Amino acid sequence: MPLVLLPSSQLLWVRVAALVFSCVAFSVSAHGAMLPHGGMADWCIFCWAFSFAGTLLVLLVEQFGLQARTPVSWTNFPITLACYAALLCLSASVIYPLYFLQGGSWRGEPRDCRIAATVFSCLATVAYLGEVSLARARPGEVAGYMATAPGLLKVCQTSVACLIFILVSDPVAYDGHAALKWCMAVYCICFILSAAVVVLCVGECTGCLPFPFAKFLSAYGLLAVVMYLTATIIWPVFQFDKRYHGSGRQQPRLVAVAVLTALNFLLYVADLAYSARLVFVSV
């Protein structure tokens, strides 16, 4: 029987490590952690399961040499998936211990499983960050858009927006004033456009646009910076100031939304700066 030898590389072993760590994280959580159904428990399980499934897909496609038969750009897809997986596992690594390890009410196997899931989630985050570092474009290197700094920033922008959506939706935190609804519109519009850029690049559809893609990126980047600047100012003012019917209480999730809004504003500023001067080759 012939022996099948898989090509070995640093990137391959980092992906295998990420695959194993994410698999262990959701396996021990599903097996004995006794998590409640719904809410943040389901979110953490989704983060690990999505990362595991995506990495397994990438490994299978590359080991069987099926890159040319996939309906996506293989110069953009793996690193996009790795970046999303890194951010998802990072969010799970923060959320999981905050919600399911505090209080000390659990003992024995459930607590041990929760500690193990937290540890392996952190390890998966490190592994995925390592994959992104190995796969990203170096200065002067010809690569797909998603391997460049602006492409990776798009992934970060959409991920931060998803966290904002989770925090403001249950319970609804933006229906108290029209200005807060404007903030929600900013989050939605910018998320849709950033997600559209990611989909266009991964699907190799940028050439189908009726205008130059680089000009679209610059114009959209400027628009997003202006819109997020307004949201960064408006959200804390109308959420916390009693003069505008705010609660006056800085609830943790509302403060988190304000911080994430400011973070996304900085990400869009950096994106605009990169997009304004970056010359890339779409493969």
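This is a guided tour of one protein chain, with a suggestion at each stop for what to select in your viewer.

**Before you start**

Keep in mind that what you have open is a predicted model. Residue numbers count from 1 along the chain as its sequence is written.

**Stop 1: the whole chain**

Show the chain as a cartoon and colour it from one end to the other. You should find eight helices and zero strands. Read from the N terminus, the order of elements is α-α-α-α-α-α-α-α.

Now switch on the surface. The chain exposes about 14,400 Å², and 71% of that area is supplied by carbon and sulfur atoms. What share of the 283 residues is buried? The figure is 43%.

There is one more thing to take from the overview. Take the contacts between residues at least 6 apart in sequence: 78% of them join residues at least 24 apart.

**Stop 2: helices H2 and H3**

Select residues 39-63 for helix H2, then add residues 77-100 for helix H3. The axes of H2 and H3 come within 9 Å and cross at roughly 155 degrees. That angle makes H2 roughly antiparallel to H3. As for handedness, H2 passes H3 in a left-handed crossing. Colour the residues where H2 and H3 meet by class, and you get 20 nonpolar, four polar and one charged.

**Stop 3: helices H3 and H4**

Keep H3 on screen and add helix H4, residues 109-135. How far apart are the axes of H3 and H4? They are 8 Å apart, and the two helices pack at an angle of about 155 degrees. H3 is therefore roughly antiparallel to H4. The crossing of H3 past H4 is left-handed. In this contact the residues sort into 19 nonpolar, four polar and two charged.

Stay on H4 and pick out Thr118, which lies in that helix. Is Thr118 buried or exposed? With a relative accessible area of 12%, Thr118 is buried. Show what surrounds it: leaving out residues up to four places away in sequence, Thr118 touches Ser93, Tyr96, Pro97 and Leu101. You can also draw a distance from Thr118 to Leu101, 17 residues apart along the chain; their C-alpha atoms are separated by 9.1 Å.

**Stop 4: helices H1 and H4**

Hide H3 for now and bring in helix H1, residues 10-32. The axes of H1 and H4 come within 8 Å, crossing at roughly 160 degrees. So H1 is roughly antiparallel to H4. Here too you can check the handedness: H1 passes H4 in a left-handed crossing. Sorted by class, this contact has 18 nonpolar, seven polar and three charged residues.

Two residues of H1 deserve a click.

- Arg15 lies in helix H1. Its relative accessibility is 4%, so Arg15 counts as buried. Which residues is Arg15 in contact with, leaving aside neighbours within four places in sequence? They are Thr55, Val58, Leu59, Glu62, Pro78 and Glu131.
- Ser27 lies in helix H1 as well. Ser27 counts as partly exposed, at 31% relative accessibility. Draw a distance from Ser27 to Trp48, 21 residues apart along the chain, and you will find their C-alpha atoms separated by 9.2 Å.

**Stop 5: the loop between H6 and H7**

Move along the chain and select helix H6 (178-202) and helix H7 (213-240). In the loop between H6 and H7 you will find Glu204. Zoom in on its backbone: phi of Glu204 is near 55 degrees. That is a positive value in a residue other than glycine.

**Stop 6: Phe238 in H7**

Finish by following H7 to Phe238, which lies in that helix. Is Phe238 buried or exposed? At 16% relative accessibility, Phe238 counts as buried. For a last distance, pick the C-alpha atoms of Phe238 and Tyr174: they are separated by 9.7 Å, with the two positions 64 residues apart along the chain.

Definitions and conventions. Predicted model: local features only at pLDDT ≥ 70, side-chain atom pairs only at ≥ 80, totals over all residues. Heavy atoms only, no water. Helix = DSSP H or I, 4+ residues; strand = E, 2+ residues; numbered from the N terminus. Buried < 20%, exposed > 50% of the residue type's maximum accessible area, 1.4 Å probe, protein only. Contact = heavy atoms within 4.5 Å. Areas by Shrake-Rupley, 256 points an atom, 1.4 Å probe, with all protein chains shown as cover. Axes fitted to C-alpha atoms, helices over the stretch in contact; angles between N-to-C directions. Parallel < 35°, antiparallel > 145°, perpendicular 65-115°, else oblique. Left-handed = near helix turned anticlockwise from the far one by under 90°. Nonpolar A, V, L, I, M, F, W, Y, C, P; charged D, E, K, R; others polar.
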